[in-house]
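Work through the exercises below with the sequence and the structure at hand, and try each task before you read its solution.

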Amino acid sequence: LGSFTGDLPVGVTGGSGLDAVSPTGISHASIWWVTSSWTGNVDPIVNFELADNQIPGVLGAAMTYSTGVFTFPQTGIWLVRAWILLRTSTAIASGWNYLRLQTTSNGGGAWNNAAQSYGAIDSTGDSNLTIFTEWIYDVTNLTNNLCSFQVAMSNTAVTVYTSTNENYTGAAFYRLGDT
């Protein structure tokens with residue numbers, strides 16, 4: 001490897017990390033959280049709001065959200081992350097609980113299971129379980145490429161815990177680069 005002299009192009013750093021992968025860096029980032037708790041299965045998860053407490057940052061244009069469905073503000077390669085906090089206040093078991101990230105390429109006509117993660121709750125008493133899932137999504141059409149989330153559990157007495165002030169259940173969207 002030879003040496004480099006001179007200035008690096010804008011957006012390129014000499015270090016490692018995301019800038020080393022994408023010369024322009026991340027152009028969009030936003031975090032959303034769910035504001036109303038519930039028990040049982042939900043498809044799609046609703047009541048998301050753009051994080052608005054603790055001085056949140058938004059890079060670029062934020063996602064657009066309507067009734068459980070997210071629309072991307074720009075085409076590109078997007079990292080989508082989601083998490084849910086499941087809670088029980090009594091000794092109940094729920095052998096399987098999943099969070100599923102769904103995508104569509106036809107504007108919501110058909111949804112595909114892009115990523116899902118599972119966890120179990122035993123019956124020892126008060127329990128908390130956080131489940132994470134993520135997907136890298138190639139968004140080529142802003143009208144047709146959408147995403148949503150769903151949760152299901154074997155014992156529908158489990159509560160999905162949320163807050164309007166803290167990020168217990170939510171999603172994050174990062175545009176990593178061009179498609």
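Strands are DSSP runs of type E with at least two residues, numbered from the N terminus, and two strands pair if DSSP finds at least two bridges between them. The model is predicted, so local features need pLDDT of at least 70 and side-chain atom pairs count only at pLDDT 80 or more, while totals for chains, interfaces and linings use all residues. Residues are numbered from 1 along each chain as its sequence is written, and side-chain values use heavy atoms, with hydrogens and water left out.

**Exercise 1.** Determine the order of the five strands in the open sheet, and explain why one side of β4 and of β8 is left without a neighbour.

*Solution.* Begin with the order, which reads β4-β5-β10-β7-β8, with antiparallel pairing. Next, look at the edges: β4 (64-66) and β8 (112-121) each have a single partner strand, so one side of each has no neighbour in the sheet. Neighbouring strands are turned by 20° against each other on average, direction ignored, where the axes are lines fitted to C-alpha atoms and angles in general run from 0 to 180 degrees between N-to-C directions. Finally, take one pair inside the sheet: β7 (residues 94-104) and β10 (residues 146-153) run antiparallel and are joined by eight bridges, and N97 has M153 in β10 as its bridge partner.

**Exercise 2.** Find out which strand gives the most residues to the largest nonpolar core.

*Solution.* A nonpolar core is a set of buried Ala, Val, Leu, Ile, Met, Phe, Trp, Tyr and Cys residues joined through side-chain atoms within 4.5 Å; buried means under 20% relative accessible area, exposed over 50%, and partly exposed in between, with a 1.4 Å probe and protein chains only. The largest core has 32 residues, and those touching the most other members are I45, F48, F70, F72, L86, F149 and F173. Several strands supply at least two residues each, among them β1 (28-34), β9 (127-139) and β12 (170-177). The strand that gives the most is β6, with five residues.

**Exercise 3.** Decide whether T133 is buried or exposed, and describe its surroundings.

*Solution.* T133 is found in strand β9, and its relative accessible area of 7% means that T133 is buried. Its side chain makes a polar contact of 3.4 Å with the side chain of S117, a polar contact being a pair of N or O atoms within 3.5 Å; within protein, one must be able to donate a hydrogen and the other to accept it, and residues adjacent in sequence count only if both atoms are side-chain atoms. In addition, a polar side-chain atom of T133 lies 3.5 Å from the backbone nitrogen of Q116.

Notes. Helices (H or I, at least four residues) and strands (E, at least two) are DSSP runs, numbered from the N terminus.
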